Amino acid sequence: MHEKNIRRQVLVPLTLTFLVLISSFLYASYRIRMQDSADDLSHRYERVQNLFDGLVASREKSMLSVVQFIAEQKRFQNAMIAEDRQLLLEHGSALLDRLYHQQQITHFYFHDVNGHHFLRVYHPENTADTPQRVTMRRAITQAKPAAGLELGANGTFTLRLVYPWHVEGKLAGYIELGQEVDHILHEIKSITDIDFILALDKQFLNRQSWEEGMALLGRQADWDLLPGMVLIDQTVSVPPEVAAELLSGEVIYHEHGAVLHTEGRSYRGRAFPLRDAAGRTVGDFIILNDITQEMASFRVFIAQVILFSLLLSSGLFAFSYRVLGHVDRRLAENRRRLHRELDKQAHTNQKLEIEIAERRHAEKELTRLNENLEQRVYERTSELRAKNREIEAGRTALEEAYKNLQEQQATILQQDKMACIGQLAAGIAHDINNPIGFVKGNIEVLGGFWEKISQFIAIQDQALKKSGPAEAYEKTGSSRRTLQIDYILEELPAVLEECLEGTDRVNKIVLNLKGFSRFDEPEAQLTDIHECLESTISIIWNELRYKATITRDYGQTPKIFCFPQQLNQVFMNLLINASHAIDQWGEIGIKTWADDTDLYIAIKDTGKGIPEENLSKIFEPFFTTKEVGVGTGLGLSIVYDIVQKHGGKISAESVPGSGTVFTIRLPFQNRLEASHA
């Protein structure tokens with residue numbers, strides 16, 4: 001009975017575990033295969049798209065060379081200016097035949113200056129005007145060649161190039177060339193060996209025109225095959241009913257696509273949007289991946305996994321069945337041994353009870369002896385505690401003295417560092433100011449020279465036009481256009497103006513640097529607090545410009561007596577801390593106002609804020625929440641000392657996650673205290 005229960009309790013969960021593991025492995029293999037198929041389709045589409053873009057760009061360059069050749073031919077120019085359709089048709093027909101056989105160009109148009117149809121060389125009897133396409137509108141509005149893929153009424157994609165045709169500097173009309181995109185797609189098929197199907201949305205087509213276009217291309221046209229789309233081209237033979245079933249569902253648009261079977265082969269297809277030159281999605285471009293061999297290999301793999309799992313499970317089941325029989329027999333033997341040990345343990349417990357009674361008697365005796373010992377220990381402990389309190393008081397006083405020494409040392413070090421930085425900044429500002437002065441002067445002189453050169457070029461050009469040979473004037477004009485002389489004449493004043501503006505900005509930075517770096521006089525100065533703020537912002541602008549937008553709300557405030565360089569240090573520390581509190585991008589606001597007795601400065605940021613438990617510690621020396629090596633913890637302590645020196649107060653309010661506001665109050669009556677500080 002016990003043998004049967006043990007085997008059932010072990011073998012049933014073990015069998016279920018194997019089934020779950022095998023099922024999980026098969027499902028994971030299937031998901032991996034599906035993801036690999038999806039990635040393969042995406043990679044194939046990227047390859048086709050990149051190759052397609054490259055071929056289209058190459059064809060555009062080729063057609064641009066052809067149309068430039070046509071535009072330069074005098075016979076075409078004379079025929080267009082004379083509006084002689086017959087002469088244009090004679091010249092164009094012979095050229096179109098060569099272009100079709102050499103470059104597969106199938107469309108050849110001439111348009112008037114308004115972009116209206118003038119002549120279809122490939123279909124001259126059709127004189128009806130058509131709505132202007134995107135490429136034509138771009139060529140008209142941008143006054144330069146425009147190219148792109150456009151959907152025709154007959155359901156074919158055509159690569160079109162529209163070229164503004166200028167004759168002797170005057171617009172004579174537009175030349176348009178077109179090439180069916182089918183040649184490009186089949187060239188991609190021959191290069192990449194990737195199959196595809198093209199389907200168009202019916203809302204962009206005319207049924208009669210589309211059926212006529214398919215007949216001309218020798219393709220089967222079935223308008224009613226799909227409710228909203230029609231098939232125009234495919235590189236693999238797919239029966240219409242299979243294609244209809246493939247495109248009628250939503251699976252074809254999912255990441256893993258859909259599977260179709262035709263002519264004994266299996267394909268996985270996925271639809272990607274097909275867009276024209278206007279950016280409209282006019283249909284689907286379906287990439288097909290032959291997975292016949294892949295599916296066969298996967299089936300063999302699954303069969304091998306299942307067979308191997310069954311063999312392994314059977315062997316493990318038989319082994320477990322045998323081992324569990326041995327385990328059961330060992331359990332029975334251990335049970336008998338356990339009973340014998342329990343009997344021995346009961347006999348031992350009787351002996352222990354006797355020993356426990358004896359020990360209890362001994363403990364009573366020890367308790368009586370310990371009463372006197374505890375009294376002596378208590379007295380000795382009281383003496384040791386008194387000594388420890390004396391030692392602790394001395395240690396606390398020593399730590400306080402050491403802390404004060406550290407604060408004084410850090411303050412002196414920070415002041416010396418700021419003095420060295422001031423000397424260095426003043427020297428740099430002086431060295432920059434002199435070369436910037438003569439650079440600005442030279443730019444102003446160069447501006448005057450350029451006005452005279454421009455006048456001379458204009459006079460020279462006018463004289464050459466009136467009295468010089470026409471050939472020399474045309475050659476000079478061509479060189480002038482090639483070298484972009486007119487563009488240079490137009491843009492150089494703006495360049496000189498930007499250079500002058502840049503030197504002015506450098507001068508302003510130098511002045512701010514001088515003001516920021518000057519040493520404090522022994523006495524306080526009457527200072528505009530707004531000038532101190534602006535000077536500080538200018539100096540650390542490179543630190544702030546990539547972190548936050550600076551907003552200013554300056555009120556009407558009087559000048560006060562203060563040490564401006566020290567206040568600059570206060571503002572610099574607060575602004576830099578505000579920028580460090582902002583992780584990506586935020587806002588730093590500066591507001592000033594005054595009442596009858598005090599002047600106020602508030603600096604607010606939209607950073608991560610200060611936790612409430614740290615808000616009371618931020619002005620303590622060496623307290624910092626920054627990483628080791630990033631901050632010293634002295635910035636706000638020095639700010640607090642400088643504000644106290646001016647007889648003012650500084651406070652902080654913060655909401656974690658929303659930002660922090662530091663408010664400085666400087667009293668007007670501090671002028672006497674500051675002047676004698």
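This passage describes a five-stranded sheet, a second group of paired strands and a packed pair of helices in a predicted model.

Residues are numbered from 1 along each chain as its sequence is written, and because the model is predicted, local features need pLDDT of at least 70, side-chain atom pairs count only at pLDDT 80 or more, and totals for chains, interfaces and linings use all residues. Side-chain values use heavy atoms, with hydrogens and water left out.

We can begin with the open sheet, whose 5 strands follow the order β12-β14-β15-β17-β16 with mixed pairing. Strands (E, at least two residues) and helices (H or I, at least four) are DSSP runs numbered from the N terminus, and two strands pair if DSSP finds at least two bridges between them. The edges are held by β12 (548-553) and β16 (649-655); each has a single partner strand, so one side of each lacks a neighbour in the sheet. On average, neighbouring strands of this sheet are turned by 15 degrees against each other, direction ignored. Within the sheet, β14 (residues 586-594) and β15 (residues 598-605) run antiparallel and are joined by 7 bridges; here G589 stands opposite K604 of β15. Helix α11 (residues 529-539) lies across β12, β14 and β15, running at about 165 degrees to β14. For such angles, axes are lines fitted to C-alpha atoms, for helices over the stretch in contact, and the values run from 0 to 180 degrees between N-to-C directions. Contact means heavy atoms within 4.5 Å.

Turning to strand β6 (residues 195-201), 6 of its 7 residues are buried, so β6 is largely enclosed by the rest of the structure. Buried means under 20% relative accessible area, exposed over 50%, and partly exposed in between (1.4 Å probe, protein chains only). β6 pairs with β10 (residues 281-290) in the antiparallel sense over 6 bridges, and L198 has F285 of β10 as its bridge partner. An antiparallel pairing of 5 bridges also joins β6 to β7 (residues 229-234), where Q234 stands opposite I197.

A helix pair completes the picture. Helix α2 (residues 74-81) packs against α3 at an angle of about 145 degrees, and their axes are 9 Å apart. The contact involves R75, F76, A79 and M80 of α2 together with L87, L88, H91, G92 and L95 of α3. H91 lies in α3 (residues 85-103) and is buried, with a relative accessible area of 19%. Leaving aside residues up to four places away in sequence, H91 touches R75 and F76.
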